[in-house]
Amino acid sequence: MSKAQTDNSYLWDKISLRLSMLPQKKALRVIDAYAGHGLIWKNIQKKYKGKINITKIDKEQKGARFVLIGDNTKFLMSLPLNKYDVIDLDAYGVPYEQLKIIFNRGFKGIVFATFIQSALGRLNYGFLKDLGYTKPMIDKCPSLFSKHGLQKLERWLLLQGINKIIIRSHSRKSYLGFEVK
Ligand SMILES: C[S@@+](CC[C@H](N)C(=O)[O-])C[C@H]1O[C@@H](n2cnc3c(N)ncnc32)[C@H](O)[C@@H]1O
């Protein structure tokens, strides 16, 4: 794994963002769609007062146990999202497809997402198209349209009805939390 793809830089920041936003319930149901070694939710479980049931997904078998193995888009399309309180998208890049599925399927609850844009990282074409940019515009100068990724994500979320987002940023990495009502 390259240095840029360290699974858990800013682990405690991710954990405290989540703890600050979780509703207090006797039992919380969570989809951890990028479970990896399961460190974030293992630590949250130690601090949260209620019980947390976690459905873990990862495309690889890493440290976490009882993981659904495969591309998370497949599982997000088929799991009964209405049975969950929280969906966690702790991605390496921009979890655009995953967010789209969550909104299209009418999930209501808390979403956490990690947004990382590499220096030369191009934003997803579908994502830019949703924001009103056309293919000829993007093809003319792709790097121009890939600038200010986080602001674009905020605009995209606003189009989905999300106007309150908690964001913690460290250079190119941003950790977001919001509620879909
Ligand atoms: C930042 S790490 C997650 C760290 C984890 N949240 C933790 O607490 O330890 C990202 C993980 O997402 C997995 N991943 C990346 N793309 C995926 C996809 N499309 N579907 C499922 N898992 C994916 C990677 O294998 C990696 O384990």
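Helix axes that cross at angles under 35 degrees count as roughly parallel. The legends below apply this cut-off to a predicted model.

**View 1. Helices α4 and α8 in the predicted model.** Helix α4 spans residues 96–104, and helix α8 spans residues 149–159. Their axes come within 12 Å and cross at roughly 15°. The two helices, α4 and α8, are therefore roughly parallel to each other. The crossing of α4 and α8 is right-handed.

**View 2. Helices α1 and α2.** The axes of helix α1 (residues 11–21) and helix α2 (residues 39–47) come within 10 Å and cross at roughly 50°. This angle makes α1 oblique to α2. The handedness of the α1 and α2 crossing is right-handed.

**View 3. The residue shell around the ligand.** The ligand is surrounded by 18 residues. N8, I40, D58, K62 and D90 are the closest of these. Sorted by class, the shell comprises 6 nonpolar, 6 polar and 6 charged residues.

**View 4. Polar backbone atoms of H37, L39 and N72 at the ligand.** A polar backbone atom of H37 lies 3.4 Å from an oxygen atom of the ligand. For L39, the distance from a polar backbone atom to an oxygen atom of the ligand is 3.1 Å. A nitrogen atom of the ligand is 2.9 Å from a backbone N or O atom of N72. On its own the ligand has 600 Å² of accessible area, of which the protein covers 94%.

Key: Residues numbered from 1 in each chain as written. Predicted model: local features only at pLDDT ≥ 70, side-chain atom pairs only at ≥ 80, totals over all residues. Heavy atoms only, no water. Near = heavy atom within 4 Å. Polar contact = N/O pair within 3.5 Å; in protein donor to acceptor, adjacent residues only side chain to side chain. Areas by Shrake-Rupley, 256 points an atom, 1.4 Å probe, with all protein chains shown as cover. Nonpolar A, V, L, I, M, F, W, Y, C, P; charged D, E, K, R; others polar. Axes fitted to C-alpha atoms, helices over the stretch in contact; angles between N-to-C directions. Helix = DSSP H or I, 4+ residues; strand = E, 2+ residues; numbered from the N terminus. Parallel < 35°, antiparallel > 145°, perpendicular 65-115°, else oblique. Left-handed = near helix turned anticlockwise from the far one by under 90°.
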